[in-house]
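I opened a new model today and went through it in the viewer. These are my notes, in the order I looked things up.

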Amino acid sequence: NYFYMDFENERVLNGQTGPNGLALRSKIDNSTRTGIEFFGELFALKNLKFTNNSSYNYSIIKQDNIEFTPILTPKFIINQEMNYSLKNLTINLSARYQSDSYINFANSECIQNYFILNARIDYNIKNYYASLFVNNLTDVDYFNKGEVNEDGLRSYWVQTARNVYFSLRCEF
């Protein structure tokens, strides 16, 4: 999928948060957002499936004859998943890569790129389903959002370290 959008007088994130905790926006003269999105599935074997969902994004904001990249707009996002099924058991391994993204209009401060791995094991018997999730397998410290306040101080939203949870489901 290819996309191209050309906006005038758009309201965009400005990298700051109001007193109520909501993200603040500013009106800008012009912005262009273009890129490519890809989704694909490959059945390598009868029980083994690979899924990819990726995007490349090139976006520019024009304000007062200055060009810069929009806030929280990474150039690359790649989600890759491997799914192996055997009878009542399914094992899933997923990976996510996200490139750097800016957190201020000056494009001087950014959130660093990150790569995380997640795993899930599902087992079902008749109408009963059990799942074990292990998120952030490699226990990476990463951020997916941030801001620069009026004093120039940076704040980042730390994402969850390795975590595990279990789910049970019954269908009637």
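The entries below go from the whole chain down to single side chains.

**Entry 1, the whole chain.** First reminder to myself: this is a predicted model. I looked up the secondary structure and got 0 helices and 13 strands. Reading from the N terminus, I just kept writing β until the chain ran out. Next I checked how spread out the chain is. Its radius of gyration is 20 Å, while the globule rule gives 16 Å for 172 residues, so I put the chain down as more spread out than a compact globule. The C-alpha trace spans about 60 × 35 × 35 Å along the principal axes.

**Entry 2, surface and contacts.** How much of the chain is buried? I get 31% of the 172 residues. The exposed area is about 11,400 Å², with carbon and sulfur atoms supplying 55% of it. I also took the contacts between residues at least 6 apart in sequence, and 51% of them join residues at least 24 apart.

**Entry 3, around β10.** Which way do β9 and β10 run relative to each other, parallel or antiparallel? They are antiparallel, and 7 bridges join β9 (residues 114–125) to β10 (residues 128–135). As a marker for the register I noted Asp 122, which stands opposite Ser 131 in β10. The hairpin leaves 2 residues between the strands, and there Lys 126 takes a positive phi near 50°. β10 also pairs with β13 (residues 163–170), again in the antiparallel sense, over 8 bridges. In that pairing I find Tyr 129 opposite Arg 169 of β13. The side chains meet as well: Arg 169 lies over the face of Tyr 129, at 4.3 Å from the ring centre.

**Entry 4, Phe 133.** I stayed in β10 for this one, since that is where Phe 133 is found. Buried or exposed? Phe 133 has 18% relative accessibility, and the cut-off for buried is under 20%, so Phe 133 counts as buried. I listed what Phe 133 touches, leaving aside neighbours within four places in sequence: Ala 119, Arg 120, Asn 163, Val 164, Tyr 165 and Ser 167. I also looked up Asn 92, which is 41 residues from Phe 133 in sequence and 9.5 Å away in space, C-alpha to C-alpha.

**Entry 5, aromatic pairs.** How many aromatic pairs are there? The count comes to 5. One of them is Tyr 56 with Phe 76, a tilted pair at 5.1 Å centre to centre and 50° between the planes. This pair links distant parts of the chain, with Tyr 56 in β3 (residues 48–63) and Phe 76 in β5 (residues 76–86), 20 residues apart. I checked the exposure of each ring's residue: Tyr 56 is partly exposed at 32% relative accessible area, and Phe 76 is partly exposed at 38%.

Tyr 114 and Tyr 142 form another tilted pair, with 4.5 Å between centres and 35° between planes. Tyr 114 lies in β9 and Tyr 142 in the loop between β10 and β11 (143–148), so this pair ties together parts that are 28 residues apart in sequence. I have Tyr 114 as buried at 8% relative accessible area, and Tyr 142 counts as buried at 13%.

**Entry 6, one more charge over a ring.** Last lookup of the day: Lys 145 lies over the face of Trp 157, at 5.3 Å from the ring centre.

Key:
Residues are numbered from 1 along each chain as its sequence is written. This is a predicted model: local features need pLDDT of at least 70, side-chain atom pairs count only at pLDDT 80 or more; totals for chains, interfaces and linings use all residues. Side-chain values use heavy atoms; hydrogens and water are left out. Two strands pair if DSSP finds at least two bridges between them. Rings of Phe, Tyr and Trp (its six-membered ring) pair if their centres lie within 6.5 Å; planes under 30 degrees apart count as stacked, over 60 as edge-to-face and the rest as tilted. Buried means under 20% relative accessible area, exposed over 50%, partly exposed in between (1.4 Å probe, protein chains only). A charge sits over a ring if NZ of Lys or CZ of Arg is within 6 Å of the ring centre and within 35 degrees of the ring normal. The radius of gyration is taken over C-alpha atoms; the globule rule is 2.2 Å times the number of residues to the power 0.38. Contact means heavy atoms within 4.5 Å. Accessible areas come from the Shrake-Rupley method with a 1.4 Å probe; for residues, only the protein chains shown count as cover.
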